[in-house]
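Grab the structure viewer and work through these exercises one at a time. Try each task yourself before you read its solution.

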Amino acid sequence: MSPNIIDGKAFAAKVREKVAEHTARLKSEHGITPGLAVVLVGEDPASEVYVRSKGKATVEAGMNSYEHNLPADSSEETLLELIDRLNNDPDVHGILVQLPLPDHLDSDLVINALDPAKDVDGFHISNVGLLGTGQKSMVPCTPLGCLMMLREHHGSLSGLNAVVLGRSNIVGKPMAQLLLGDSCTVTIAHSRTRDLDQVCRSADILVAAVGRPEMVPGDWVKPGATVIDVGINRIPHPEKEGKTRLVGDVDFESAAKAAGAITPVPGGVGPMTIACLLANTLTACSRAHGLAEPEGLTV
Ligand SMILES: Nc1nc2c(c(=O)[nH]1)N[C@@H](CN(C=O)c1ccc(C(=O)N[C@@H](CCC(=O)O)C(=O)O)cc1)CN2
(Lines give C-alpha, C1' and ligand atoms only; values in the text may rest on other atoms or scores of the structure.)
Protein backbone atom coordinates (compact mmCIF):
# COMPACT_ATOMS: atom_id res chain seq x y z
CA MET A 1 0.00 0.00 0.00
CA SER A 2 1.28 3.47 -0.97
CA PRO A 3 2.76 5.36 2.02
CA ASN A 4 0.07 8.04 2.16
CA ILE A 5 -2.84 5.57 2.21
CA ILE A 6 -4.42 4.94 5.61
CA ASP A 7 -5.17 1.21 5.64
CA GLY A 8 -8.52 0.96 7.43
CA LYS A 9 -8.65 -2.79 7.00
CA ALA A 10 -5.35 -3.30 8.83
CA PHE A 11 -6.31 -0.76 11.50
CA ALA A 12 -9.69 -2.46 11.99
CA ALA A 13 -7.95 -5.84 12.35
CA LYS A 14 -5.87 -4.42 15.22
CA VAL A 15 -8.97 -2.98 16.95
CA ARG A 16 -10.77 -6.31 16.57
CA GLU A 17 -7.78 -8.16 18.01
CA LYS A 18 -7.74 -5.84 21.01
CA VAL A 19 -11.50 -6.35 21.50
CA ALA A 20 -11.04 -10.13 21.31
CA GLU A 21 -8.27 -10.02 23.93
CA HIS A 22 -10.40 -7.97 26.35
CA THR A 23 -13.40 -10.22 25.70
CA ALA A 24 -11.34 -13.31 26.54
CA ARG A 25 -10.24 -11.62 29.77
CA LEU A 26 -13.84 -10.73 30.69
CA LYS A 27 -14.74 -14.38 30.24
CA SER A 28 -11.84 -15.91 32.11
CA GLU A 29 -11.68 -13.39 34.98
CA HIS A 30 -15.37 -12.56 35.44
CA GLY A 31 -17.34 -15.28 33.62
CA ILE A 32 -19.01 -12.61 31.45
CA THR A 33 -19.58 -12.88 27.69
CA PRO A 34 -20.56 -9.66 25.91
CA GLY A 35 -23.67 -10.05 23.75
CA LEU A 36 -24.75 -8.02 20.73
CA ALA A 37 -28.27 -8.15 19.27
CA VAL A 38 -28.70 -6.93 15.69
CA VAL A 39 -32.19 -6.25 14.39
CA LEU A 40 -32.88 -6.22 10.66
CA VAL A 41 -36.28 -5.31 9.29
CA GLY A 42 -36.84 -6.29 5.67
CA GLU A 43 -34.59 -7.65 2.94
CA ASP A 44 -32.47 -4.76 1.74
CA PRO A 45 -29.54 -6.62 0.14
CA ALA A 46 -26.81 -4.22 1.35
CA SER A 47 -28.23 -4.26 4.90
CA GLU A 48 -28.32 -8.09 4.82
CA VAL A 49 -24.61 -8.12 3.94
CA TYR A 50 -23.72 -5.65 6.71
CA VAL A 51 -25.77 -7.56 9.29
CA ARG A 52 -24.12 -10.85 8.31
CA SER A 53 -20.68 -9.25 8.60
CA LYS A 54 -21.55 -7.85 12.01
CA GLY A 55 -22.72 -11.24 13.28
CA LYS A 56 -19.60 -12.96 11.97
CA ALA A 57 -17.27 -10.32 13.47
CA THR A 58 -19.09 -10.55 16.82
CA VAL A 59 -18.58 -14.31 17.02
CA GLU A 60 -14.94 -13.99 15.88
CA ALA A 61 -14.35 -11.56 18.76
CA GLY A 62 -15.63 -14.22 21.19
CA MET A 63 -18.93 -12.47 21.87
CA ASN A 64 -22.49 -13.79 21.65
CA SER A 65 -24.39 -12.68 18.56
CA TYR A 66 -28.19 -12.54 18.47
CA GLU A 67 -29.70 -11.83 15.08
CA HIS A 68 -33.36 -10.86 14.73
CA ASN A 69 -34.79 -10.71 11.23
CA LEU A 70 -38.26 -9.22 10.94
CA PRO A 71 -40.37 -9.09 7.78
CA ALA A 72 -40.43 -5.80 5.84
CA ASP A 73 -44.10 -5.19 6.71
CA SER A 74 -43.58 -5.57 10.48
CA SER A 75 -45.55 -3.08 12.57
CA GLU A 76 -43.91 -0.50 14.80
CA GLU A 77 -45.56 -2.30 17.74
CA THR A 78 -43.82 -5.59 16.88
CA LEU A 79 -40.45 -3.87 16.59
CA LEU A 80 -40.92 -1.95 19.84
CA GLU A 81 -41.90 -5.16 21.64
CA LEU A 82 -38.70 -6.82 20.46
CA ILE A 83 -36.63 -3.82 21.57
CA ASP A 84 -38.30 -3.90 24.98
CA ARG A 85 -37.41 -7.57 25.33
CA LEU A 86 -33.79 -6.93 24.36
CA ASN A 87 -33.57 -3.90 26.69
CA ASN A 88 -34.53 -6.22 29.56
CA ASP A 89 -32.35 -9.17 28.59
CA PRO A 90 -29.24 -9.24 30.84
CA ASP A 91 -27.31 -11.32 28.29
CA VAL A 92 -27.67 -8.55 25.69
CA HIS A 93 -25.23 -5.67 26.30
CA GLY A 94 -25.56 -4.00 22.91
CA ILE A 95 -28.51 -3.53 20.57
CA LEU A 96 -28.35 -2.24 17.01
CA VAL A 97 -31.22 -1.62 14.63
CA GLN A 98 -29.86 -1.75 11.09
CA LEU A 99 -30.67 1.37 9.06
CA PRO A 100 -32.40 2.34 6.89
CA LEU A 101 -35.72 1.03 8.22
CA PRO A 102 -38.65 0.56 5.83
CA ASP A 103 -40.48 3.85 5.20
CA HIS A 104 -43.53 3.06 7.34
CA LEU A 105 -41.40 2.85 10.49
CA ASP A 106 -40.32 5.95 12.41
CA SER A 107 -36.54 5.56 12.88
CA ASP A 108 -36.30 8.26 15.58
CA LEU A 109 -39.06 6.63 17.61
CA VAL A 110 -37.48 3.19 17.28
CA ILE A 111 -33.96 4.34 18.15
CA ASN A 112 -35.18 6.33 21.14
CA ALA A 113 -36.90 3.19 22.44
CA LEU A 114 -33.48 1.57 22.98
CA ASP A 115 -31.94 1.54 26.42
CA PRO A 116 -29.27 4.28 25.91
CA ALA A 117 -26.73 2.12 27.79
CA LYS A 118 -27.20 -0.63 25.17
CA ASP A 119 -27.33 1.75 22.19
CA VAL A 120 -24.03 0.67 20.61
CA ASP A 121 -24.73 2.82 17.54
CA GLY A 122 -24.80 5.93 19.74
CA PHE A 123 -27.87 7.26 17.92
CA HIS A 124 -30.24 7.56 20.93
CA ILE A 125 -31.05 11.19 21.76
CA SER A 126 -29.47 10.76 25.24
CA ASN A 127 -26.19 9.66 23.72
CA VAL A 128 -26.32 12.50 21.18
CA GLY A 129 -26.78 14.97 24.06
CA LEU A 130 -24.04 13.40 26.17
CA LEU A 131 -21.56 13.50 23.27
CA GLY A 132 -22.52 17.10 22.46
CA THR A 133 -21.83 18.18 26.04
CA GLY A 134 -18.56 16.26 26.30
CA GLN A 135 -19.90 13.61 28.69
CA LYS A 136 -19.36 9.88 28.64
CA SER A 137 -21.67 8.33 26.01
CA MET A 138 -21.91 5.62 23.40
CA VAL A 139 -20.14 7.10 20.36
CA PRO A 140 -21.41 6.40 16.80
CA CYS A 141 -19.21 3.74 15.20
CA THR A 142 -18.24 5.39 11.90
CA PRO A 143 -17.11 8.73 13.40
CA LEU A 144 -15.36 6.86 16.23
CA GLY A 145 -13.44 4.82 13.66
CA CYS A 146 -12.47 7.99 11.79
CA LEU A 147 -11.25 9.62 15.00
CA MET A 148 -9.17 6.57 15.93
CA MET A 149 -7.45 6.64 12.54
CA LEU A 150 -6.86 10.40 12.74
CA ARG A 151 -5.38 10.17 16.25
CA GLU A 152 -3.09 7.33 15.16
CA HIS A 153 -1.94 9.27 12.11
CA HIS A 154 -1.51 12.74 13.67
CA GLY A 155 -1.00 12.14 17.37
CA SER A 156 -2.56 15.37 18.66
CA LEU A 157 -5.28 17.01 16.54
CA SER A 158 -5.26 20.16 18.66
CA GLY A 159 -5.51 23.41 16.68
CA LEU A 160 -5.95 21.75 13.29
CA ASN A 161 -8.60 23.06 10.88
CA ALA A 162 -11.12 20.29 10.27
CA VAL A 163 -13.85 20.48 7.64
CA VAL A 164 -16.65 17.91 7.83
CA LEU A 165 -18.50 17.77 4.55
CA GLY A 166 -21.98 16.46 5.39
CA ARG A 167 -24.39 17.10 8.25
CA SER A 168 -26.09 13.75 8.87
CA ASN A 169 -26.98 12.66 12.40
CA ILE A 170 -25.11 9.38 11.84
CA VAL A 171 -21.77 10.75 10.67
CA GLY A 172 -21.42 14.49 10.00
CA LYS A 173 -22.70 15.93 13.28
CA PRO A 174 -21.08 13.41 15.68
CA MET A 175 -17.82 13.60 13.68
CA ALA A 176 -17.78 17.37 14.17
CA GLN A 177 -18.40 16.93 17.92
CA LEU A 178 -15.55 14.44 18.22
CA LEU A 179 -13.13 16.71 16.35
CA LEU A 180 -14.17 19.64 18.53
CA GLY A 181 -13.57 17.43 21.57
CA ASP A 182 -10.01 16.94 20.30
CA SER A 183 -9.62 20.75 20.02
CA CYS A 184 -9.83 21.09 16.24
CA THR A 185 -11.32 24.23 14.70
CA VAL A 186 -14.34 22.66 13.05
CA THR A 187 -16.45 23.71 10.07
CA ILE A 188 -19.49 21.70 9.03
CA ALA A 189 -19.99 22.21 5.30
CA HIS A 190 -22.86 20.94 3.12
CA SER A 191 -24.56 21.31 -0.23
CA ARG A 192 -25.63 24.90 0.49
CA THR A 193 -22.21 26.06 1.73
CA ARG A 194 -20.90 28.98 -0.31
CA ASP A 195 -17.46 28.59 -1.94
CA LEU A 196 -17.38 24.95 -0.91
CA ASP A 197 -14.13 24.36 -2.81
CA GLN A 198 -12.35 27.08 -0.84
CA VAL A 199 -13.79 25.87 2.46
CA CYS A 200 -12.50 22.36 1.75
CA ARG A 201 -9.12 23.76 0.71
CA SER A 202 -8.77 25.37 4.16
CA ALA A 203 -8.88 21.94 5.85
CA ASP A 204 -5.92 20.22 7.49
CA ILE A 205 -8.40 17.38 8.02
CA LEU A 206 -11.16 16.87 5.47
CA VAL A 207 -13.89 14.35 6.29
CA ALA A 208 -16.20 13.71 3.32
CA ALA A 209 -19.57 12.23 4.30
CA VAL A 210 -22.11 13.51 1.78
CA GLY A 211 -23.04 10.30 -0.07
CA ARG A 212 -22.26 11.76 -3.51
CA PRO A 213 -19.90 9.67 -5.64
CA GLU A 214 -16.48 11.27 -6.17
CA MET A 215 -17.79 14.75 -5.42
CA VAL A 216 -14.52 16.07 -3.98
CA PRO A 217 -11.83 16.56 -6.65
CA GLY A 218 -8.11 16.70 -5.88
CA ASP A 219 -7.94 20.48 -6.29
CA TRP A 220 -10.27 20.90 -3.27
CA VAL A 221 -7.63 19.22 -1.11
CA LYS A 222 -4.99 21.36 0.61
CA PRO A 223 -1.52 19.94 -0.13
CA GLY A 224 -0.55 17.62 2.72
CA ALA A 225 -4.05 17.45 4.23
CA THR A 226 -5.50 14.27 5.72
CA VAL A 227 -8.58 13.10 3.82
CA ILE A 228 -11.09 10.70 5.41
CA ASP A 229 -13.59 9.40 2.89
CA VAL A 230 -16.76 8.08 4.53
CA GLY A 231 -18.71 7.67 1.27
CA ILE A 232 -19.80 4.21 0.11
CA ASN A 233 -21.38 4.67 -3.32
CA ARG A 234 -22.06 2.01 -5.93
CA ILE A 235 -21.74 3.34 -9.48
CA PRO A 236 -21.94 1.55 -12.84
CA HIS A 237 -18.62 -0.11 -13.71
CA PRO A 238 -16.95 1.82 -16.54
CA GLU A 239 -15.70 -1.32 -18.33
CA LYS A 240 -17.95 -4.18 -17.18
CA GLU A 241 -21.52 -3.81 -18.37
CA GLY A 242 -24.18 -4.58 -15.75
CA LYS A 243 -21.57 -4.52 -12.96
CA THR A 244 -21.00 -1.88 -10.31
CA ARG A 245 -17.96 -0.48 -8.61
CA LEU A 246 -17.61 1.02 -5.14
CA VAL A 247 -16.36 4.61 -4.84
CA GLY A 248 -16.21 7.16 -2.05
CA ASP A 249 -17.25 10.81 -1.91
CA VAL A 250 -13.71 11.79 -2.93
CA ASP A 251 -12.09 11.38 -6.33
CA PHE A 252 -9.38 9.13 -4.95
CA GLU A 253 -6.89 9.33 -7.81
CA SER A 254 -6.59 13.12 -7.90
CA ALA A 255 -7.04 13.61 -4.13
CA ALA A 256 -4.30 11.09 -3.27
CA LYS A 257 -1.82 13.24 -5.24
CA ALA A 258 -2.51 16.28 -3.05
CA ALA A 259 -3.22 14.63 0.31
CA GLY A 260 -0.63 13.85 2.94
CA ALA A 261 -2.76 10.86 3.87
CA ILE A 262 -6.06 9.48 2.59
CA THR A 263 -8.43 6.59 3.29
CA PRO A 264 -9.41 4.44 0.30
CA VAL A 265 -12.87 3.09 -0.55
CA PRO A 266 -13.23 0.19 -0.06
CA GLY A 267 -10.79 -0.65 2.73
CA GLY A 268 -10.82 2.63 4.66
CA VAL A 269 -13.57 3.78 6.98
CA GLY A 270 -16.00 0.88 6.28
CA PRO A 271 -14.08 -1.86 8.12
CA MET A 272 -13.58 0.50 11.08
CA THR A 273 -17.37 0.86 11.46
CA ILE A 274 -17.73 -2.82 12.32
CA ALA A 275 -14.57 -2.87 14.47
CA CYS A 276 -15.94 0.06 16.50
CA LEU A 277 -19.30 -1.67 16.88
CA LEU A 278 -17.47 -4.51 18.64
CA ALA A 279 -15.50 -1.98 20.71
CA ASN A 280 -18.77 -0.27 21.75
CA THR A 281 -20.34 -3.62 22.69
CA LEU A 282 -17.36 -4.37 24.91
CA THR A 283 -17.57 -0.88 26.44
CA ALA A 284 -21.31 -1.29 27.07
CA CYS A 285 -20.74 -4.70 28.68
CA SER A 286 -17.92 -3.38 30.91
CA ARG A 287 -20.09 -0.45 32.03
CA ALA A 288 -23.10 -2.70 32.69
CA HIS A 289 -20.98 -4.79 35.06
CA GLY A 290 -19.22 -1.83 36.70
CA LEU A 291 -15.86 -2.95 35.33
CA ALA A 292 -13.01 -0.78 34.03
CA GLU A 293 -13.50 0.19 30.39
CA PRO A 294 -10.91 -1.09 27.95
CA GLU A 295 -8.43 1.66 27.09
CA GLY A 296 -8.11 3.10 23.61
CA LEU A 297 -11.42 1.68 22.39
CA THR A 298 -13.58 4.71 23.07
CA VAL A 299 -13.10 8.48 23.45
N1 LIG B 1 -27.58 0.88 12.51
C2 LIG B 1 -26.69 1.24 11.58
N3 LIG B 1 -27.05 1.23 10.29
C4 LIG B 1 -26.13 1.61 9.36
C5 LIG B 1 -24.80 1.97 9.72
C6 LIG B 1 -24.47 1.98 11.10
O7 LIG B 1 -23.32 2.34 11.52
N8 LIG B 1 -25.44 1.60 11.99
N9 LIG B 1 -23.85 2.25 8.75
C10 LIG B 1 -24.13 1.96 7.36
C11 LIG B 1 -23.78 0.59 6.88
N12 LIG B 1 -22.70 -0.15 7.60
C13 LIG B 1 -23.00 -0.70 8.78
O14 LIG B 1 -24.11 -0.90 9.15
C15 LIG B 1 -21.47 -0.45 6.96
C16 LIG B 1 -21.15 0.01 5.70
C17 LIG B 1 -19.96 -0.37 5.06
C18 LIG B 1 -19.08 -1.23 5.69
C19 LIG B 1 -17.85 -1.71 5.00
O20 LIG B 1 -17.05 -2.39 5.60
N21 LIG B 1 -17.66 -1.39 3.72
C22 LIG B 1 -16.57 -1.92 2.93
C23 LIG B 1 -17.08 -2.25 1.54
C24 LIG B 1 -18.16 -3.29 1.56
C25 LIG B 1 -18.69 -3.57 0.17
O26 LIG B 1 -17.95 -4.09 -0.64
O27 LIG B 1 -19.89 -3.29 -0.05
C28 LIG B 1 -15.44 -0.91 2.83
O29 LIG B 1 -15.73 0.30 2.86
O30 LIG B 1 -14.31 -1.35 2.69
C31 LIG B 1 -19.39 -1.69 6.94
C32 LIG B 1 -20.57 -1.31 7.56
C33 LIG B 1 -25.61 2.16 7.07
N34 LIG B 1 -26.46 1.59 8.05
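**Exercise 1. Find the loop that holds proline 266, then look at the peptide bond before it.**

Solution. Start at the loop between strand E10 and helix H10 (269–288): proline 266 lies there. (Helices, H or I with at least four residues, and strands, E with at least two, are DSSP runs numbered from the N terminus.) Next, check the bond itself: valine 265 and proline 266 are joined by a cis peptide bond, with omega at about 0°.

Before going on, a note on what you're looking at. Residues are numbered from 1 along each chain as its sequence is written. The model is predicted, so local features need pLDDT of at least 70 and side-chain atom pairs count only at pLDDT 80 or more, while totals for chains, interfaces and linings use all residues.

**Exercise 2. Track down another cis peptide bond and a residue with an unusual phi.**

Solution. First, go to the loop between E3 and helix H4 (107–111), where proline 100 sits. Leucine 99 and proline 100 share a cis peptide bond, and omega is about 5°. Then move to the loop between H7 and E5, the place of serine 183. Serine 183 isn't a glycine, yet its phi is positive, about 65°. Why bother to point these out? Because most residues other than glycine have a negative phi, and most peptide bonds are trans.

**Exercise 3. Split the chain into domains and compare that with the UniProt record.**

Solution. Step one: the domain assignment gives domain 1 (30–116) and domain 2 (141–270); such bounds come from an automatic or database domain assignment. Step two: the centres of domain 1 and domain 2, taken over C-alpha atoms, are 28 Å apart. Step three: turn to UniProt, where an unreviewed entry puts "domain: Tetrahydrofolate dehydrogenase/cyclohydrolase catalytic" at residues 6–121. The same kind of annotation, "domain: Tetrahydrofolate dehydrogenase/cyclohydrolase NAD(P)-binding" (unreviewed entry), is placed at residues 140–287. UniProt positions are in the numbering used here, feature names are shortened, and annotations may be inferred rather than shown by experiment. Step four: look at what the spans contain. Residues 6–121 are 48% helix and 16% strand, with end C-alpha atoms 24 Å apart. Residues 140–287 are 38% helix and 19% strand, and their end C-alpha atoms lie 17 Å apart.

**Exercise 4. Work out the strand order in the three-stranded sheet.**

Solution. The sheet is open, its order is E2-E1-E3, and the pairing is parallel. (Two strands pair if DSSP finds at least two bridges between them.) At the edges you'll find strand E2 (64–70) and strand E3 (94–97), each pairing on one side only. Now zoom in on strand E1 (residues 35–41), which pairs with E2 over seven bridges. Valine 41 stands opposite leucine 70 in E2.

**Exercise 5. Do the same for the five-stranded sheet. Why is one side of E5 and of E10 left without a neighbour?**

Solution. Read off the order E5-E4-E6-E7-E10 in an open sheet with parallel pairing. Strand E5 (185–189) and strand E10 (261–262) are at the edges and have a single partner strand each, so one side of each has no neighbour in the sheet. Next, follow strand E6 (residues 205–208) and strand E7 (residues 226–229): they run parallel and four bridges join them. Within that pair, valine 207 has isoleucine 228 of E7 as its bridge partner.

**Exercise 6. Describe how helix H6 packs against helix H7.**

Solution. Begin with the geometry: helix H6 (residues 141–154) and helix H7 (residues 172–181) pack at about 35°, with axes 8 Å apart. (Axes are lines fitted to C-alpha atoms, for helices over the stretch in contact, and angles run from 0 to 180 degrees between N-to-C directions.) Then list who makes the contact: Pro143, Cys146 and Leu147 of H6, with Pro174, Met175 and Leu178 of H7. (Contact means C-beta atoms, placed from the backbone, within 7 Å.)

Notes: Contact = placed C-beta atoms within 7 Å.
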